[in-house]
Structure formats: C-alpha cells, structure tokens
Amino acid sequence: MSQFILHPANTRGHANHGWLNAHHSFSFANYYNPERMHFGVLRVLNDDSIDGGMGFGAHPHDNMEIITIPLAGAIAHKDSMGNSAVIKSGEIQVMSAGTGVSHSEFNANADEQLNLLQIWLFPNKKNVTPRYDQQALNVEARHNNFQQILSPDAADEGVWIHQDAWFALGKFDQGFETDYKIKKAGNGVYAFVISGEVTINGQKLGKRDAIGVWDTDTLNFRADSEGAEVLLMDVPMELN
C-alpha cells in the first residue's frame with residue numbers, strides 16, 4: 001500500500017532578508033520543523049529569489065550532494081576547486097562536497113531577479129574527492145515527458161551524483177496523462193510543482209505544492225493546466 005505526505009506551498013518555512021526571499025521545504029537555517037527534516041536522503045529543497053547583484057559569500061560544505069537549478073536568471077559561481085562559472089536558466093549544476101569545499105553564489109545580473117532551486121542530498125559515500133559539473137539541458141525534451149536530468153551514472157542522461165537518485169523535469173499540455181516508474185526498489189519520489197496545476201496519485205497540487213510518495217513502484221500523473229511544470233526527485237528512503 002503506497003504512502004504519501006503532502007506539503008502545500010504555504011506550509012514551507014519562509015525567510016525574507018530583503019535581498020533574499022527564501023522558502024524551505026525542509027528544516028533549514030532558522031526554520032526548524034521536526035516533522036520536516038528530510039524525505040529519505042533528500043535533506044534540503046530551497047526555493048530562493050535573489051535580488052540583482054546579491055548573493056551568498058564563500059561558505060563551506062562537506063559530505064553532501066548539492067544540486068542547483070536556476071528557474072529564472074543566472075548564477076555566478078566560484079569555488080575552492082578553482083571553478084568560476086555562470087549557470088543559466090535551462091542548465092543544472094552539481095557539486096559533490098565530499099571532504100570539503102567552499103563556494104560563493106551570486107545573482108550574475110544587476111538588473112534581473114534570480115530564482116533558483118537548491119537541493120541537498122545525503123551521499124552514499126563519505127569523504128569523496130570534491131567535484132563540480134554543470135550541463136545545459138535540452139528544454140524541448142521535457143515537453144510532455146519526464147526528462148532525466150540527474151542519475152547515479154556518469155554515462156547516463158544529465159549530471160551524476162554519489163547517490164541512487166534520479167531527477168526528472170517535465171512541462172506538460174493540459175490533460176496530458178502518464179505514469180512514472182520509480183527507478184529502484186526502496187526509493188520514493190518527492191514531486192515539486194514548479195508552476196501550474198497537476199494531479200499525482202489522485203492528489204491535486206498547485207504551484208509550489210509538493211507530494212512525497214513511497215512504498216509503491218508507480219506514480220500516476222495528470223496535468224490540469226497548460227504548461228504545468230514538475231520536478232520529480234526519485235530518492236532512497238533509507239539513510240545510508
């Protein structure tokens with residue numbers, strides 16, 4: 001029997017720092033909710049809007065897989081591995097923090113708002129050598145399709161991480177229906193609605209709502225509005 005948990009958009013943690021308007025799906029910084037610590041190995045899902053030219057100065061991470069997906073605008077990134085890059089909407093960035101890395105993230109544009117999703121997953125290997133990657137995604141490939149953007153396999157589609165996790169992005173015509181097959185036994189799926197309205201396993205969801213589903217091998221999906229966008233995060237439910 002499948003199990004699920006609903007996380008409506010208005011139940012997320014919220015912090016408005018002026019230059020940063022942040023929504024936290026799970027406990028983060030000053031937002032603490034003992035019932036919202038993680039979903040399996042998914043530890044952080046932050047939905048951040050950052051003013052032009054503003055951002056986060058250099059700060060450290062270790063033993064975490066960090067994925068950043070710009071939804072609008074571009075991020076200027078620098079890190080202690082020597083990487084300096086700009087990641088734009090339509091791209092995905094990944095860092096395996098491993099033994100330790102520091103990085104800074106700023107809105108690359110002075111006159112444009114940056115909106116990004118930053119996602120942290122617990123890794124399945126500790127103290128790996130830190131690594132960085134970014135890829136441009138074929139946005140057209142997600143029309144009425146769950147386009148894989150992340151997996152455990154460097155030879156597969158999208159970026160890869162040290163975890164048995166698969167991410168997919170889709171953008172759908174109203175009325176489109178499909179099933180999503182969970183990639184690995186013991187995994188669950190955390191589905192986050194970027195925009196529009198959808199129904200997943202009979203549960204109606206709107207913009208920035210989320211549902212976590214586990215103890216099943218299939219999700220039933222229907223788009224209830226034109227251009228509905230969804231991020232699926234297929235992750236192990238057991239912490240390593």
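**Close-up views of a predicted model**

**View 1. Leu 71 and its surroundings in strand S6.** Leu 71 belongs to strand S6, which covers residues 65–72. Strands and helices are DSSP runs numbered from the N terminus, with at least two residues (E) for a strand and at least four (H or I) for a helix. The model is predicted: local features need pLDDT of at least 70, side-chain atom pairs count only at pLDDT 80 or more, and totals for chains, interfaces and linings use all residues. Residues are numbered from 1 along each chain as its sequence is written, and side-chain values use heavy atoms, with hydrogens and water left out. With a relative accessible area of 23%, Leu 71 is partly exposed; buried means under 20%, exposed over 50%, and partly exposed in between, using a 1.4 Å probe and protein chains only. Leu 71 is in contact with Ser 89, Asn 115, Leu 116, Leu 117, Ile 194 and Arg 208, leaving aside neighbours within four places in sequence. Contact here means heavy atoms within 4.5 Å. The C-alpha atoms of Leu 71 and Leu 116 are 5.2 Å apart, although the two are separated by 45 residues in sequence.

**View 2. Asp 79, a buried acid without a salt bridge.** Asp 79 lies in strand S7, residues 74–79. The nearest side chain of opposite charge is that of Lys 78, 11 Å away. For charge, Lys and Arg count as positive and Asp and Glu as negative, while His and the chain ends are not counted. A salt bridge requires a side-chain nitrogen of Lys or Arg within 4 Å of a carboxyl oxygen of Asp or Glu. The side chain of Asp 79 does make a polar contact with the side chain of His 77, at 2.7 Å. A polar contact is a pair of N or O atoms within 3.5 Å; within protein, one must be able to donate a hydrogen and the other to accept it, and residues adjacent in sequence count only if both atoms are side-chain atoms. A polar atom of the Asp 79 side chain also lies 2.8 Å from the backbone nitrogen of Met 81. Not counting residues up to four places away in sequence, Asp 79 touches Met 95, Val 101, Ser 102, His 103 and Tyr 132.

**View 3. Lining of the largest pocket.** The volume of this pocket is about 350 Å³. A pocket is found on a 1 Å grid over the protein atoms alone, as an open set of points with protein on both sides within 12 Å along at least five of seven lines; lining residues have an atom within 4 Å of a point. Grid points are joined across faces, edges and corners, and the volume is the space filled by probe spheres set on the points. The lining of the largest pocket has 19 residues, and Leu 20, His 24, Phe 28, Asn 46 and Phe 56 lie nearest its centre. Two or more lining residues come from each of strand S2 (13–16), strand S3 (20–24), strand S4 (42–50), strand S5 (55–61) and strand S11 (114–121).

**View 4. Asn 63 and Asn 127, two loop residues with positive phi.** Asn 63 sits in the loop between S5 and S6 and has phi near 45°. Asn 63 is buried, at a relative accessible area of 15%. Asn 127 is placed in the loop between S11 and strand S12 (131–136), with phi of about 60°. Neither Asn 63 nor Asn 127 is a glycine.

**View 5. Asp 224 with Thr 199, Lys 204 and Arg 222.** Asp 224 is buried, with a relative accessible area of 19%. Asp 224 and Arg 222 form a salt bridge at 2.7 Å, N to O, and Arg 222 is partly exposed at 27% relative accessibility. Asp 224 also forms a salt bridge with Lys 204, where the closest N and O atoms are 4.0 Å apart. That pair links strand S19 (residues 203–205), which holds Lys 204, to the loop between strand S21 (218–223) and strand S22 (228–236), which holds Asp 224, 20 residues apart. Lys 204 is exposed, with a relative accessible area of 63%. The side chain of Thr 199 makes a polar contact with that of Asp 224 at 2.6 Å. Thr 199 is in strand S18, residues 198–200, and is buried at 6% relative accessibility.

**View 6. The salt bridge between Lys 184 and Asp 164.** The closest N and O atoms of this pair are 2.6 Å apart. Lys 184 lies in the loop between strand S16 (177–181) and strand S17 (187–195) and Asp 164 in the loop between strand S14 (159–160) and strand S15 (166–172), so the salt bridge ties together parts 20 residues apart in sequence. Lys 184 is partly exposed at 37% relative accessibility, and Asp 164 is partly exposed at 23%. The structure holds five salt bridges.

Notes: On a 1 Å grid over the protein atoms alone, a cavity is a set of points where a 1.4 Å probe fits but cannot get out, and a pocket is an open set with protein on both sides within 12 Å along at least five of seven lines; lining residues have an atom within 4 Å of a point.
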